[in-house]
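Here's a quick walk through one sheet and one ligand site. Have the viewer open and follow along.

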Amino acid sequence: MSQILINLSGVGKNFSSADGSERIVLEGVDFTLQEGEIVALLGKSGSGKSTLLRIMAGLLPADKGQVTYRGQQLFGPARGIAMVFQSFALFPWLTVQQNVELGLEAQGIAKEVRSEQAEAAIEMIGLAGFEGALPRELSGGMKQRVGIARALVMNPDVLLMDEAFSALDVLTGETLRNDMLELWESKKTPMKGILIVSHNIEEAVMMADRILIFSSDPGRVRAEIKVSLPRERSEDSPEVRALIDEVYTLMTARPVESDANGKAEAQYQAYRLPEAEISQMEGLLEMLADEPFNGRADLPQLAEEAGLSDEDLFPVYEALRLIGLVNIEHGDIHLTSLGQRYCQADQAFRKHLFGQQLLQNVPLAARIHHSLKLEKSGELRKEPFLNLLEEFLSAEEAKQMLEVAVEWGRYGEMYEYNYHTGMLKLPDAE
Ligand code: ADP
Ligand code: MG
């Protein structure tokens, strides 16, 4: 029987927005980290991953649910849990050695012991010889090594890594990832479990024993994939490619209508739009239609060709699928027959097709259009629509959502928006 390191059950967290309204960031999060495993948590930006990690590290209290570390309820930071941050979070005026020693100092450990332990950690992560350097003298990869050394020096039982590799360039990130895996396999440290939070699918597949997919608004664990491939894994092996495809498919799947919150949730989902601009959608469609893809692409390959991250591309995929121009299956994206017609059409016909699809598939756009049709003047203020959205979203998000709906609606020539007067109106006839 393996030991449970960290357990979360029914964890919820709210934050209050600038306008004073409450926003549910995490809701009903269940999670377990067992001894001996590396778990990856994959989710979009803003889905609450960092908040969740801070709760697990005892840096932030949960509003709801239970958090335990080795069977004990967690109150405040626990000694056995260390964290590595995306931003490195180093003190610029302290040397590498001093940065690494900070945590030990806080624990009141004697100077000699401190410096010995820090040197060992620095050596372990491959920074020997840089003890006296200041952060600004180091490359990004080396800075993050300091960030990791600072966590390792605490001899953690559990290591939480918050997008620790994502600020680094691809090669540096990969090298550091591999060094971490080597350290893990070597058992040179007392580390018993690692949780990596990431939005990089490949990173998760290369590192983890289990991948959890985290959904947004509110954040919760939506799906789990076990990875039973032995490490070290080869990026190009068919097993790894198949897993990457599987995770892609799961991440791009629209959430199933919720059972828990019933109607409100369904309505909310229906009004939620992916934040994708028309130019991004057009650009991606054109790449997909062209050589070498000719209408069908492996998602990771398309991302590579586009030179964009998954994070940038997910809203675009979602938007194109919502509009009915592409489908996504088994990690592949392909043009629907309508998508093919769209790509062959001239600008005017594209707009027409887009507008038609908008009315059929995007409830918020349809609602705006129909409401305007019912008005004799063909004009309405934007506030009633914002109010509608604010039933489900924060004021800030409602504004963003309406902006997306406005951009799409203008492109599809379903309605227009006057930024000076704040009025939505039907396009001028003829
Ligand atoms: P992720 O790490 O997945 O990008 P975060 O956990 O950083 O997401 O943030 C989730 C949401 O919670 C965001 O909308 C963010 O603006 C909000 N949030 C995070 N921390 C705070 C805070 N201290 N006060 C108010 N809102 C916060
Ligand atoms: Mg984060």
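## Strand S9 and its neighbours

Strand S3 (residues 37-43) runs parallel to S9, and the two pair over five bridges. One spot to look at is valine 39, whose bridge partner in S9 is arginine 210. Keep in mind as you look around that this is a predicted model.

S9 also pairs with strand S10 (residues 220-226), this time in the antiparallel sense and over six bridges. Here isoleucine 213 has alanine 223 of S10 as its bridge partner, and arginine 210 stands opposite lysine 226 in S10. S9 and S10 make a hairpin with four residues between them. In that turn, aspartate 217 has a positive phi of about 55 degrees.

## The whole sheet

Zoom out a little. Where does S9 sit in the strand order? The open sheet has six strands, in the order S6-S7-S8-S3-S9-S10, with mixed pairing. At the edges are strand S6 (81-84) and S10, each of which pairs on one side only. From one strand to the next, the twist averages 20 degrees.

## Both faces of S9

Is S9 mostly covered or mostly open? Strand S9 (residues 210-215) is mostly covered, with six of its six residues buried. In a regular strand, side chains alternate between the two faces of the sheet. For S9, one side carries Arg210, Leu212 and Phe214, while the other carries Ile211, Ile213 and Ser215. Both faces are covered, and these residues are all buried. That includes Arg210, the residue that bridges to valine 39 and stands opposite lysine 226.

## Around ligand 1

Now over to the ligand. Which residues surround ligand 1? They are Phe15, Arg23, Val25, Lys44, Ser45, Gly46, Ser47, Gly48, Lys49, Ser50 and Thr51. By type, this shell divides into two nonpolar, six polar and three charged residues.

Three contacts are handy to find on screen, each involving an oxygen atom of ligand 1. One such oxygen is 2.5 Å from an N or O atom in the side chain of arginine 23. For serine 50, a side-chain N or O atom is 2.8 Å from a ligand oxygen. With glycine 48 the partner is a polar backbone atom, at 3.0 Å. The protein covers 62% of the 560 Å² of accessible area that ligand 1 has on its own. Strand S2 (22-34) and helix H1 (49-56) are the elements that give two or more residues to the shell. H1 gives the most, with three residues.

Definitions and conventions: Residues numbered from 1 in each chain as written. Chains lettered and ligands numbered in written order. Predicted model: local features only at pLDDT ≥ 70, side-chain atom pairs only at ≥ 80, totals over all residues. Heavy atoms only, no water. Buried < 20%, exposed > 50% of the residue type's maximum accessible area, 1.4 Å probe, protein only. Pairing = 2+ DSSP bridges. Near = heavy atom within 4 Å. Polar contact = N/O pair within 3.5 Å; in protein donor to acceptor, adjacent residues only side chain to side chain. Areas by Shrake-Rupley, 256 points an atom, 1.4 Å probe, with all protein chains shown as cover. Nonpolar A, V, L, I, M, F, W, Y, C, P; charged D, E, K, R; others polar. Axes fitted to C-alpha atoms, helices over the stretch in contact; angles between N-to-C directions.
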